[in-house]
Structures are given as C-alpha cells and as structure tokens.
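User: I'd like to learn how to read pockets, ligand shells and cavities in a model. Could you walk me through one?

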Amino acid sequence: MAVVPLPRVLSGIQPTAGSFHLGNYLGALRQWVALQETTEAFYCVVDLHAITQDWNPDELRQNTLTSAAQLLALGVDPARSTLFVQSHVPEHVRLSWVLECIARFGEASRMTQFKDKSQREGAEGSSVGLFTYPVLMAADILAYQADQVPVGDDQRQHLELTRDLATRFNSRFGRTFTVPSGFIPEAGARVMDLQSPGKKMSKSLPPAGCVFLLDEPSVTAKKIRSAVTDTGREVVADPVNKPGVTNLLGIHSALSGRSVADLEQHFAGRGYGDLKKELAEVVADVVTPIRTRTQELVDDRAELERILAAGAARAREVAGVTVAAAYERAGFLAPAAGVVA
Ligand code: TYM
C-alpha cells in the first residue's frame with residue numbers, strides 16, 4: 001500500500017517580547033498544537049525577524065529561550081514536531097536572497113505592516129530589513145514545502161506575497177515550491193487590544209491592553225477589569241457600537257468553546273463586571289499551567305538547548321534539499337566536492 005505523506009505545516013513566532021500574548025495564542029499557537037496530530041509540523045522562533053527594529057542582544061538571546069520554553073509548555077511536542085530557532089538554519093537566509101531578487105519593490109512597498117511601522121519610524125529610521133521582512137517570511141515557509149501555514153488574520157497579506165513569489169519562481173524556473181495556504185481560525189484570528197479595541201492586541205502597544213501568557217494572574221485580572229467597555233449595560237456583541245464588549249465576548253468564546261450567542265444568554269440581565277470577572281477566571285484556567293511549565297523549562301537550559309539542536313538538524317535536512325534545488329534551477333554553479341556551501 002502506498003504511504004500518503006502527511007501535509008506539511010510551517011509557522012513562526014517572533015521572540016520580541018519575553019512573553020507571548022493572548023492574540024498569539026488564539027490566533028496561531030493553539031492551532032500549532034492541534035495540527036501536530038494530523039500533519040508533519042515545523043515550528044520556529046523567528047529571531048532573525050526580531051532584529052528588523054531596534055533590539056538588545058542579551059534580551060534577544062533570553063527571549064529566544066523563553067519563547068521556545070513557552071511553545072513546549074503550550075504543547076508543541078518535539079517528539080512529533082520539529083521545533084527550532086530560525087538563525088540556526090542558514091538555509092532561510094540563503095533562500096531569502098533569491099526571493100528578494102524576484103520580489104518587486106512595488107509589491108513589498110504595499111505591505112501594510114511595513115507601511116505602518118515605517119511610517120512610525122520615518123524613512124531614515126526604518127531598516128532595510130523591515131522592508132524585506134515579508135520575503136524572509138516567504139523563505140521560511142517555502143524552504144519546507146509547507147502546504148499550510150497557521151497564523152492570525154494580520155499575516156494574510158504576507159501569505160499572499162509568499163504564494164505570489166512561489167508561483168513566480170515556479171513558472172520561471174520550473175516547479176520548485178509548494179504554493180501554501182493559510183490556516184486561519186474562525187474564532188480568535190483577530191484579538192483586539194483591551195484598552196484600544198479598534199487595534200489588534202500587540203506587544204508594541206502599552207501593556208495595559210495586552211494579556212501576556214506569563215503575567216501574574218492578579219495582573220491579568222486587573223487588565224481585564226480595566227478593559228475599556230462601552231456605553232450601555234447589556235452584554236451583547238455589537239462590533240460597531242460595542243467593540244470592547246464584543247472583544248471580551250470573543251475571547252471568552254474562543255477560550256471556553258461556547259458560542260457568543262450562548263454567552264449573551266448566559267450574561268442576560270447581568271453587567272459588564274460579571275463578564276470581566278468570569279473572563280479573568282477562564283483566562284487564568286488556560287494560562288496558569290502554561291506559566292508554571294514555562295518556568296520549569298527555562299530552568300533546564302541544557303534540555304532546551306538539546307531540543308533546539310535536534311530540531312535545527314532536522315530542519316536543515318529538509319530545508320537543505322529545497323534550497324539546493326532552488327539554487328540549481330536559478331543557475332548557481334554547484335560548488336565542487338569538498339567546498340562547503
Ligand atoms: P508575530 O510574532 O507577530 O505573531 C505570531 C502569531 O500570532 C498571531 N497574532 C495574532 N492573532 C490574533 N490576534 C492578534 N492580536 C494577534 N497578534 C499576533 C500572528 O498572526 C502570528 O501568526 N511575521 C510573523 C512571524 C513569521 C511567520 C513566518 C509566521 C515569520 N516567519 C513564517 C508564519 C510563517 C509575525 O510577525 O508573527
């Protein structure tokens with residue numbers, strides 16, 4: 001009987017903050033864990049992406065380890081998935097350069113995340129890496145021939161660029177890359193900031209609006225208690241007139257698995273205070289075990305490094321094959337035997 005290969009999955013997360021947040025968890029990481037059951041998964045901490053804006057080297061190193069520990073604590077299982085650090089696999093950068101040369105300046109300029117961030121920093125303050133960031137992301141994905149990419153809604157445009165670059169390379173040089181699809185959840189794809197519910201939850205906004213997985217439960221409860229709600233008293237979802245309450249209901253629903261309609265009934269005749277109190281409990285139930293386990297894993301650095309080294313070795317095997325094929329098709333002279341490429 002022919003063995004049908006499992007679909008391939010690749011995703012990445014930046015180690016920019018010491019802790020992931022609820023948006024990362026609901027938009028992407030929960031799906032990372034679930035997909036391990038049915039796919040061959042590659043998950044990486046994208047440390048190269050974390051230096052496109054100002055960074056501190058010691059913090060980057062520590063945050064990379066804490067990020068890997070959080071992924072394990074969340075349920076990424078190194079016996080089933082390949083977990084690695086992006087900078088340990090030089091194939092990503094080797095492929096990225098070729099993709100940069102087929103990407104067009106105009107299409108990269110249209111990336112909204114680049115436009116937002118570069119507008120804040122100005123042309124003189126924005127790095128060239130910030131501009132080419134989505135092309136490195138495309139290399140991350142294409143190097144593994146990924147079929148599916150579990151991400152939150154904010155990565156849609158980057159995925160579209162990845163698909164365009166794969167198709168362009170394939171049609172010019174022969175079929176080399178799998179053209180991947182996004183795997184974006186229905187609930188939780190866009191978790192909004194608790195203080196500015198018009199903006200997505202993000203580590204780059206003030207911390208009061210962002211629920212970090214490693215926050216103390218009392219800090220989380222306080223952030224949820226202070227979440228901006230809307231005029232009126234009724235706990236109902238209404239994205240236009242009640243964006244704050246709608247966001248809280250959405251988070252509750254994504255975590256508890258209860259539909260928003262069911263929650264509206266549950267809170268009928270009760271106020272925003274009740275919703276916030278219960279939501280803080282629902283969040284604590286999910287994040288407390290993650291927090292505890294992360295701490296244990298961070299304390300065992302040797303074991304973490306062993307897992308990451310094994311992951312990088314496996315990742316290099318797979319990415320190496322793709323990059324060798326892409327280099328050959330692009331016309332680079334193969335190095336003579338004995339020359340290390
Ligand atoms: P990053 O590190 O900003 O975020 C990691 C994941 O979390 C999702 N996410 C959210 N989902 C819902 N609501 C939110 N408020 C929210 N904030 C973040 C993101 O969509 C993402 O899935 N460019 C990527 C990292 C990356 C990558 C890759 C992803 C690099 N290479 C290859 C997939 C494949 C990023 O900045 O994610």
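**Reading the spaces in this model**

Analyst: Gladly. This is a predicted model. Let's begin with the second largest pocket, which has 18 lining residues, with Arg190, Met192, Thr246, Asn247 and Gly250 lying nearest its centre.

User: Which element gives the largest share of the lining of the second largest pocket?

Analyst: Helix H9, residues 243-256, with 8 residues. By class, the lining of this pocket has 12 nonpolar, 5 polar and 1 charged residues. The space in the second largest pocket comes to about 290 Å³.

User: Now the ligand. Which residues come nearest to it?

Analyst: A residue belongs to the shell when one of its heavy atoms lies within 4 Å of the ligand. Here 28 residues surround the ligand, and Tyr133, Asp140, Gly152, Asp154 and Val191 come nearest. Divided by class, the shell holds 12 nonpolar, 11 polar and 5 charged residues.

User: And which polar side-chain atoms lie close enough to an oxygen atom of the ligand to count as contacts?

Analyst: The cut-off is a pair of N or O atoms within 3.5 Å. For Asp154, a polar side-chain atom lies 2.4 Å from a ligand oxygen. With Tyr133, the distance from a side-chain N or O atom to an oxygen of the ligand is 2.6 Å. Asn24 has a polar side-chain atom 3.1 Å from an oxygen atom of the ligand.

User: How much of the ligand's accessible area does the protein cover?

Analyst: On its own the ligand has 710 Å² of accessible area, and the protein covers 97% of that. Strand S1 (8-13), helix H1 (22-35) and helix H6 (128-142) are the elements that each give two or more residues to the shell.

User: How many cavities of 30 Å³ or more does the structure hold?

Analyst: A cavity, unlike a pocket, is a space from which the probe cannot get out. This structure holds 3 of at least that volume. The largest cavity has about 70 Å³ of space, and its lining consists of Met111, Gln113, Phe114, Lys117, Leu130, Tyr133, Pro134 and His158. Helix H5 (112-121) and H6 each give two or more residues to that lining. By class, 5 of the lining residues are nonpolar, 2 polar and 1 charged. Notice that Tyr133 lines this cavity and also comes among the nearest residues to the ligand.

User: Finally, what about the whole chain?

Analyst: The protein chain has 12 helices and 5 strands. Its radius of gyration is 21 Å, which agrees with a compact globule, because 341 residues packed that way would have a value near 20 Å. The C-alpha atoms fill a box of roughly 75 × 50 × 45 Å along the principal axes.

Note on methods: Residues numbered from 1 in each chain as written. Predicted model: local features only at pLDDT ≥ 70, side-chain atom pairs only at ≥ 80, totals over all residues. Heavy atoms only, no water. 1 Å grid on protein atoms, 1.4 Å probe; cavity = no way out; pocket = protein on both sides within 12 Å on 5 of 7 lines; lining within 4 Å. Points joined across faces, edges and corners; volume = space filled by probe spheres on them. Helix = DSSP H or I, 4+ residues; strand = E, 2+ residues; numbered from the N terminus. Nonpolar A, V, L, I, M, F, W, Y, C, P; charged D, E, K, R; others polar. Polar contact = N/O pair within 3.5 Å; in protein donor to acceptor, adjacent residues only side chain to side chain. Areas by Shrake-Rupley, 256 points an atom, 1.4 Å probe, with all protein chains shown as cover. Rg over C-alpha atoms; globule rule 2.2 N^0.38 Å.
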